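Welcome! Here is a short briefing to read alongside the sequence and the 3D view.

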Amino acid sequence: MTNESVINQDITQDDRLWAAIAWIPVTPLWPIFAIVALLIEEKKDRQFVRYHAILSLATGVVLIPLSIVTCGCAAIIYVVFFYWAYLAYQGQLVNIPILTDFARKQGWVL
């Protein structure tokens, strides 16, 4: 059984919603949505929600310093977060080159 099939086993509508919310960079409080998705008792053990929340946080950790160094030019990449939110809401896994593999090697996601 592959990691993707384990994560996609029993995704509920609520899981898809929380995964999408974890990606939406609506305000400077964006990481709070992903952290809340990881801390809610009934969601913290859901692999699909965890996968998206952790990747969202990891991507933000990489993009924030990159945006500062490039005087905000890298902030345009945050537009892609809306596409990733859409994919999460559709029940799909987002695969971000380098970051997804890094998160898997660290054991943060399946």
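Helix α5 buries F81, W84, A85, L87 and A88, where buried means under 20% relative accessible area, exposed over 50% and partly exposed in between, with a 1.4 Å probe and protein chains only. These buried residues line one face of α5, because they fall within an arc of 160° seen down the helix axis; the arc is taken from the directions from the axis to the C-beta atoms. This is a predicted model, in which local features need pLDDT of at least 70 and side-chain atom pairs count only at pLDDT 80 or more, while totals for chains, interfaces and linings use all residues. Residues are numbered from 1 along each chain as its sequence is written, and side-chain values use heavy atoms, leaving out hydrogens and water.

**More about α5**

- The buried residues of α5 pack against α2, α3 and α4, with contact meaning heavy atoms within 4.5 Å.
- After α5 comes G91, with a positive phi near 90°.
- Y83 also sits in α5, and it is partly exposed, with a relative accessible area of 49%.

**A nonpolar surface patch**

- L66, I76, I77, V79, V80, Y83 and Y86 make up a nonpolar patch on the surface, together offering about 660 Å² of accessible area.
- Patches take residues with over 30% relative accessible area and no salt bridge, joining like charges within 9 Å and nonpolar side chains (Val, Leu, Ile, Met, Phe, Trp, Tyr) within 5 Å.
- A salt bridge here is a side-chain nitrogen of Lys or Arg within 4 Å of a carboxyl oxygen of Asp or Glu.
- Helix α5 gives the patch its largest share, four residues.

**Helix α2**

- In α2 (residues 13-23), the buried residues are D15, A19, A20, A22 and W23.
- They lie on the same side of α2, because they cover an arc of only 155° around the axis.
- Their cover includes α3 (30-39), α4 (47-69) and α5 (79-89).
- L17 belongs to α2 as well, and at 38% relative accessibility it counts as partly exposed.
- The C-alpha atoms of L17 and Q90 are 9.2 Å apart, although 73 residues separate the two along the chain.

**The chain as a whole**

- The chain has six helices and zero strands; helices (H or I, at least four residues) and strands (E, at least two) are DSSP runs numbered from the N terminus.
- Of the 110 residues in the chain, 37% are buried.
- Among contacts between residues at least 6 apart in sequence, 67% join residues at least 24 apart.
- About 6400 Å² of the chain is exposed, 66% of it supplied by carbon and sulfur atoms; accessible areas come from the Shrake-Rupley method with a 1.4 Å probe, and for residues only the protein chains shown count as cover.
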